[in-house]
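Here is a short tour of a single protein chain, from its overall make-up down to one pair of side chains. Keep the structure open beside the text and follow along.

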Amino acid sequence: MKIMIVDNDLTYLGLLSEVLKLHGYDVVTAMQGEEALSKLRENDVNLIISDISMPKMNGMSLHRYVRQDPRLREVPFAWNSMYRELRDVVEIEDPALDLKFDKAMPVPNLLSFLSHFTALQRQKTGGQELTS
């Protein structure tokens, strides 16, 4: 399974990327929305995890671009950010995202979600491996 992580916090981006790689995920990283869109043109991914608050193109704008692109619109999209930001966004826009989670979510919980998500995606694809 290939996951794109988009976050302007280089430390968080690096840590989450390494944790996911250690658990067998293929990871593509981007530090902001425009870079993510560029890399999405070159990489097929099975999930996008994006921060909400980023300079230039924030996570909300990235989500809109992804949903408007016929090639990307079916890619599951998750926001991860600080709890306050998530609460504010849900109250203001209530975007229909596949998942929203706090950056402080314990790693075992995130890995459990990803394992469950991978199993659901395999069911949808008839048991095929999730690859790019």
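About 7300 Å² of the chain's surface is accessible, and carbon and sulfur atoms account for 51% of that area. The model is a predicted one. Of the 132 residues in the chain, 45% are buried. The chain holds 5 helices and 5 strands, and from the N terminus these elements follow the order β-α-β-α-β-α-β-α-β-α. Among contacts with a separation of 6 or more, 57% link residues 24 or more positions apart.

Now for the interior. In soluble globular proteins, nonpolar side chains tend to be buried together. In this model, the largest nonpolar core has 19 residues, and Met4, Val6, Leu40, Ile48, Leu62 and Val66 have the most contacts inside it. Several elements each supply at least two residues of this core, as the table shows.

| Element | Residues |
|---|---|
| Strand 1 | 2-6 |
| Strand 2 | 26-30 |
| Helix 2 | 33-42 |
| Helix 3 | 59-68 |
| Strand 4 | 77-81 |

Apart from that core lies another one, of 17 residues, including Met1, Leu20, Leu47 and Leu114. Back in the largest core, Leu62 is worth a look: leaving aside neighbours within four places in sequence, Leu62 is in contact with Val6, Gly33, Ala36, Leu37, Ser50, Met57 and Phe77.

Helix 1 (residues 10-22) comes next. Its 13 residues, at 1.5 Å a residue, should span 18 Å, and the end C-alpha atoms are 18 Å apart, which agrees. Tyr12, Leu13, Leu16, Ser17 and Leu20 are the buried residues of helix 1. Viewed down the helix axis, these buried residues fall within an arc of 125°, so they line one face of helix 1. They pack against strand 1, strand 2, strand 4 and helix 5 (107-124). On the other side of helix 1, Leu10, Thr11, Leu15 and Leu22 are exposed.

Both ends of this helix have something to show. At the N-terminal end, Asp9 acts as a cap, with a side-chain oxygen 3.0 Å from the backbone nitrogen of Thr11. Just after helix 1, Gly24 takes a positive phi of about 90°.

Finally, which side chain does Asp44 join through a polar contact? Asp44 sits in the loop between helix 2 and strand 3 (47-50). Its relative accessible area is 43%, so Asp44 counts as partly exposed. The partner is Arg71, with a polar contact of 3.0 Å between the two side chains. Asp44 and Arg71 are 27 residues apart along the chain, and 9.3 Å separates their C-alpha atoms.

How values were computed
Residues are numbered from 1 along each chain as its sequence is written. This is a predicted model: local features need pLDDT of at least 70, side-chain atom pairs count only at pLDDT 80 or more; totals for chains, interfaces and linings use all residues. Side-chain values use heavy atoms; hydrogens and water are left out. A nonpolar core is a set of buried Ala, Val, Leu, Ile, Met, Phe, Trp, Tyr and Cys residues joined through side-chain atoms within 4.5 Å. Buried means under 20% relative accessible area, exposed over 50%, partly exposed in between (1.4 Å probe, protein chains only). Helices (H or I, at least four residues) and strands (E, at least two) are DSSP runs, numbered from the N terminus. Contact means heavy atoms within 4.5 Å. A polar contact is a pair of N or O atoms within 3.5 Å; within protein, one must be able to donate a hydrogen and the other to accept it, and residues adjacent in sequence count only if both atoms are side-chain atoms. The expected span of a helix is 1.5 Å times one less than its number of residues. The arc is that of the directions from the helix axis to the C-beta atoms. Accessible areas come from the Shrake-Rupley method with a 1.4 Å probe; for residues, only the protein chains shown count as cover.
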